[in-house]
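Here is a colleague's note to read with the model open beside you. Please take the points in order and find each residue on the screen as it is named.

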Protein chains: 2
Amino acid sequence: MAAVEVENREWYLANYAPAGVPNSEHLKLRTVSLSLRADSIPDGHVAFQILYVSIDPYVRTQLSGLDDGLSLPQIPVGQVIRALGMGKVIRSKDEKFSGGEIVISHICPVAEFGVMPSNLLQKVNPADGIALPDYLSCLGMPGITAWVGIEKIGNAKEGSNVYITAAAGGVGIVAGQLAKVKGCRVVGSVGSHDKVKLLKEEFGYDEAFNYRVETDYDAALTKYFPDGIDVYFDNVGGKMLEAVLNHANHGARIALCGMISEYNKVWTEREGVRNLLNMVGKEVMMKGFMVGSYYNQFEEFVKEMEVHLKEGKIKSKHKIYNGIGSFLESLASLFTSSNVGKVILQVTP
Amino acid sequence: MAAVEVENREWYLANYAPAGVPNSEHLKLRTVSLSLRADSIPDGHVAFQILYVSIDPYVRTQLSGLDDGLSLPQIPVGQVIRALGMGKVIRSKDEKFSGGEIVISHICPVAEFGVMPSNLLQKVNPADGIALPDYLSCLGMPGITAWVGIEKIGNAKEGSNVYITAAAGGVGIVAGQLAKVKGCRVVGSVGSHDKVKLLKEEFGYDEAFNYRVETDYDAALTKYFPDGIDVYFDNVGGKMLEAVLNHANHGARIALCGMISEYNKVWTEREGVRNLLNMVGKEVMMKGFMVGSYYNQFEEFVKEMEVHLKEGKIKSKHKIYNGIGSFLESLASLFTSSNVGKVILQVTP
């Protein structure tokens, strides 16, 4: 049990970052006193110590001060950053939650402690053999994101040629394994040689390539997709999406999950895709999605994913950053190809 | 009955036109002798006099000598141009066809006479009160194209905000009327003041604007779609598609039918669409289509369309060019906003 009054360190937005990777000009750490005394916590609220925060590219789009295309609310200047996070209940003013329980929130403060309305929290009952961070990766938001893109939108089937960008990232690594479970041929692109090796040797990708080395995307796709692309799980957008449209098969499906190559630019500076006409001749279907719209299928997803995890058909991979002080570094790391797997900030050891 | 030997004038491809509007350097008329004697016509073939040829933008994409995005075969240099056409049977070597019957082919030569295998012909039994050219417009390929985009892909419903580009063209004019039948609010853009007037006064569009005058597309869409766009029937692509993505509502559907603004350019010179990220946040679905893939639904379409025509809810509008010599002029006219309605070449009066 934590003290009744804590010095809570939290990250807040000091200035908007319309372009570029956010740095210490934009995001700052501050310490605020937080009372955890029972009479300080409003009815229907829960106080918790934050264990893990999920570090995801979409967070960057809430720091630009611009309507940038993901339609997520901009965080007001001066306010605490919020992200998907997991904590342990310290004190509860809602009888449905008790001390020691594990909770998840999609708008958890990036801080050491939080006090939130209980209706914004979901309880987690960790199953045997499943590590807590898995509930923020394979079994959480990134996992269902991968599942929606591969199964619900991509309609990947046995023999489909599936291409995944940012393939060693938190979503990509699950998407690729899911496609392999479905019997697809899977190729991923990543930003380092080590990731290429890892995808092929540990995660069962049929092929993988480093887009920083094979910079002629058209040539790379010619090489890795001799039979064309049936399903594209797009995490990057821009020039790579354009190249994919030159290699899409008739009736191909493209799940637009995010466009990390474009997040650090204002929209008029983004790469234009010039060959959308290919979508007509090839009757390509392209659909953007926000995973929140599919949470009504969460149970179906978890049921399927737990089986894959237990059978060892899907493995998790985490890159853990330690301590609340590492948030900025962990966020910036998403844009430099320096991580493998789901990036997670471990706030409390 | 025509003479047994005719001097048949036909249009052929003299040179590919990779960019620009094709002209007399690329398309030329020649006269070839054609025997219509019974023993000159192969078994299973039908000889016919061509009455009407449908002039459609896709034909231009078969004249570039490049794989341009529609994935249609390029017409080999020296060969006759082919398009959707209608003729009257002169002589048949297939017992299912008789002299005087009306036939349609999707690869009819652009000529005065044709001899084709009967399996490439469909018979038309003109109904009372329906003019022959209607079978090349509302009740033909342009009609089902409009129907697929509005109903099957666009899923237009009562109250949907529907936007149609090239709205006074052969497909657009049917698409707009179909959307009105469904109870939608319909706005069209066109290239002349006369067309704006016509769409609003004769074809029931709620609003229409001239994109050559209102050149700030973003401002125009702000003005004409105060409640955003739910369904976009895209006939033009490029900058207009980009503007639409800034005004799309959550869950909007975009039917990509063609991109006439881009046909006269090689693909790397085409306008890039920079804001596809909007598709993610707004969960937009975009699907390209080639109408041939929907011909298995032709009966369902005709059944519905005939009712609309008989009830006067959908009207046809044709721009007729007279004589085989006018083909080049009629084709070029598609790219200059000079026509209203379906462009048809009347080969035989």
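1. A good place to begin is a single pair of residues within one sheet, where A83(A) stands opposite C108(A) in β5(A). This is a predicted model, and the pair belongs to a wider match in which β4(A) and strand β5 (residues 102-109) of chain A run antiparallel to each other over six bridges.

2. On moving from β5(A) to the other partner of β4(A), you will find strand β3 (residues 45-54) of chain A, which pairs with strand β4 (residues 82-92) of chain A in the antiparallel sense over seven bridges. Here V53(A) has G85(A) in β4(A) as its bridge partner. When you look along these strands, it helps to remember that in a regular strand the side chains alternate between the two faces of the sheet.

3. Which residue forms a salt bridge with E112(A)? The partner is R9(A), and the closest N and O atoms of the two are 3.1 Å apart. Because E112(A) lies in the loop between β5 and β6 (113-117) of chain A while R9(A) lies in strand β1 (residues 5-13) of chain A, the pair ties together parts that are 103 residues apart in sequence. A search of the whole structure, over all chains, finds 34 salt bridges.

4. Turning to the boundary between the chains, 38 residues of chain B are in contact with 38 residues of chain A. Together the two chains bury about 3000 Å² between them, and 64% of that area is on carbon and sulfur atoms. R274(B), L277(B) and E283(B) supply 24% of the area that chain B buries against chain A, which is more than any other three residues supply.

5. How many salt bridges are there between chain B and chain A? The count is zero, whereas 12 residue pairs are in polar contact between these two chains, counting pairs with both residues at pLDDT 80 or more. On the side of chain B that touches chain A, at least two residues each come from α5 (238-247), β12 (248-256), α6 (278-281) and β13 (285-288) of chain B. Sorted by class, that side has 18 nonpolar, 12 polar and eight charged residues.

6. Strand pairing also crosses from one chain to the other, since strand β13 (residues 285-288) of chain A and β13(B) pair in the antiparallel sense over three bridges. Within this pairing, M286(A) stands opposite M286(B) in β13(B).

7. Finally, consider how the copies are arranged: a turn of 180° and a shift of 0.0 Å along the axis lay chain B on chain A with an RMSD of 0.0 Å. The two copies are therefore related as by a two-fold rotation axis. In chain B, the C-alpha nearest the axis belongs to G272(B), at 1.9 Å from it. The same surface serves both copies, as 100% of the contact residues of chain B recur in chain A.

Technical notes
Residues are numbered from 1 along each chain as its sequence is written. Chains are lettered from A and ligands numbered from 1 in the order in which they are written. This is a predicted model: local features need pLDDT of at least 70, side-chain atom pairs count only at pLDDT 80 or more; totals for chains, interfaces and linings use all residues. Side-chain values use heavy atoms; hydrogens and water are left out. Contact means heavy atoms within 4.5 Å. Buried area is the accessible area (1.4 Å probe) that two parts lose on being put together, summed over both. A salt bridge is a side-chain nitrogen of Lys or Arg within 4 Å of a carboxyl oxygen of Asp or Glu. A polar contact is a pair of N or O atoms within 3.5 Å; within protein, one must be able to donate a hydrogen and the other to accept it, and residues adjacent in sequence count only if both atoms are side-chain atoms. Helices (H or I, at least four residues) and strands (E, at least two) are DSSP runs, numbered from the N terminus. Ala, Val, Leu, Ile, Met, Phe, Trp, Tyr, Cys and Pro count as nonpolar, Asp, Glu, Lys and Arg as charged, and the others, Gly among them, as polar. Two strands pair if DSSP finds at least two bridges between them. Copies are superposed by least squares on the C-alpha atoms of residues with pLDDT of at least 70 in both.
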